Amino acid sequence: MKSFDETWEEIHATREWGQYPSEPVIRFVARNYYQRNRAEVKILDFGCGGGSHTWYLAREGFDTYAFDGSASAVSRVNQRMEVEKLQADVRVRDALDLDYEKESFDSVIDSAVVCANTYENIVAMYREIYHLLKPGGKLFSISFTTGTTGYGTGKRIPGGGTYVL
Ligand SMILES: C[S@@+](CC[C@H](N)C(=O)[O-])C[C@H]1O[C@@H](n2cnc3c(N)ncnc32)[C@H](O)[C@@H]1O
């Protein structure tokens, strides 16, 4: 099933995305996983964009996986990982066409990714994330909402208060 909007590819092909992780993600990962054997904690950066969280997770020694629908974004992240000699499995994938093993992740990080989709696909993505997580695994999810600056400024499309540029 195709959910990826190619507008993201245009964005990533023409500009750089954020390079440094957000404090809420750092706090979540630190609280839940810093005391564990990090090499055994498998975390998926769901829609990695410029890879700021992929970079952070790999640098902190976690078993790091990431994907994005944008080939330009993934290529940049892989370059950065190579230059910094960090290890992560970073793939070009559509969020609704993932080929990871079910129940294999300790955690999934959704930093403003799922929310950038249609309502129907958002529901399907959360279902998919549920299946990717190990029993007891944790989802970190941060979303733009109706109260976020700029909400409603795009062109409205059918389904759950959804807009495109
Ligand atoms: C707002 S950016 C956030 C990027 C990154 N998570 C961060 O925190 O900087 C949203 C990212 O999700 C990706 N994305 C959105 N919907 C997607 C989908 N359906 N399939 C694959 N990637 C998607 C976009 O290409 C973009 O890089």
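A residue is buried under 20% relative accessible area, exposed over 50%, and partly exposed in between (1.4 Å probe, protein chains only). With that cut-off, Thr162 is buried, because its relative accessible area is 10%. The model is predicted: local features need pLDDT of at least 70, side-chain atom pairs count only at pLDDT 80 or more, and totals for chains, interfaces and linings use all residues. Residues are numbered from 1 along each chain as its sequence is written, and side-chain values use heavy atoms, with hydrogens and water left out.

**View A. Thr162 sits in strand β7.**
The strand covers residues 162-164. Helices (H or I, at least four residues) and strands (E, at least two) are DSSP runs, numbered from the N terminus. Contact means heavy atoms within 4.5 Å. Setting aside neighbours within four places in sequence, Thr162 has two runs of partners: Asn117, Thr118 and Tyr119, then Lys155, Arg156 and Ile157.

**View B. The ligand has a shell of 20 residues.**
A residue belongs to this shell if one of its heavy atoms lies within 4 Å of the ligand. Ser3, His12, Gly47, Asp68 and Ser111 are the closest. Helix α1 (7-14) and strand β2 (63-68) each give at least two residues to the shell. The shell holds 9 nonpolar, 8 polar and 3 charged residues. Here Ala, Val, Leu, Ile, Met, Phe, Trp, Tyr, Cys and Pro count as nonpolar, Asp, Glu, Lys and Arg as charged, and the others, Gly among them, as polar.

**View C. Ser3, Ala95 and Ser111 make polar contacts to the ligand.**
A polar contact is a pair of N or O atoms within 3.5 Å; within protein, one must be able to donate a hydrogen and the other to accept it, and residues adjacent in sequence count only if both atoms are side-chain atoms. Ser3 places a polar side-chain atom 2.8 Å from a ligand nitrogen. Ala95 uses a backbone N or O atom, at 3.0 Å from a ligand nitrogen. For Ser111, a side-chain N or O atom is 2.6 Å from an oxygen of the ligand. The ligand alone exposes 590 Å², and the protein buries 95% of that. Accessible areas come from the Shrake-Rupley method with a 1.4 Å probe; for residues, only the protein chains shown count as cover.

**View D. Helix α2 has buried residues on one face.**
The helix runs over residues 23-33, with Val25, Phe28, Val29 and Tyr33 buried. Down the axis of α2, these buried residues fall within an arc of 90°, so they line one face of the helix. The arc is that of the directions from the helix axis to the C-beta atoms. Glu23 and Arg31 are exposed on the other side. The buried residues pack against β1 (42-46), α3 (52-59), β4 (105-111) and β5 (133-142).

**View E. Asn32 of α2 bonds back to its own chain at Phe28 through a polar contact.**
The side chain of Asn32 reaches the backbone oxygen of Phe28 at 2.9 Å. Asn32 is partly exposed, because its relative accessible area is 28%. Trp17 is 15 residues from Asn32 in sequence, and their C-alpha atoms are 27 Å apart.

**View F. Helix α3 is largely enclosed by the rest of the structure.**
Of its 8 residues, 7 are buried. They are Ser52, His53, Thr54, Trp55, Tyr56, Leu57 and Ala58. Their cover includes α2, β1, β2, α4, β3 (89-92) and β4. Gly61 follows α3 and has a positive phi, near 90°.

**View G. Thr64 lies in strand β2.**
Thr64 counts as buried because its relative accessibility is 3%. Its side chain reaches the backbone oxygen of Phe62 at 2.9 Å. Beyond four places in sequence, Thr64 touches Ile43, Thr54, Leu57, Ala58, Gln87, Ala88 and Asp89.

**View H. Val74 belongs to helix α4.**
The helix spans residues 71-83. Val74 counts as buried, at 4% relative accessibility. Its contacts beyond four places in sequence are Asp68, Val90, Arg91 and Val92. Arg93 is 19 residues from Val74 in sequence and 9.5 Å away, C-alpha to C-alpha.

**View I. Glu103 and Ala112 have positive phi.**
Most residues other than glycine have a negative phi. Glu103 is not a glycine, yet its phi is positive, about 50°. Glu103 sits in the loop between β3 and β4. Ala112, also not a glycine, has a positive phi of about 60°. Ala112 lies in the loop between β4 and α5 (119-132). At 22% relative accessibility, Ala112 counts as partly exposed.
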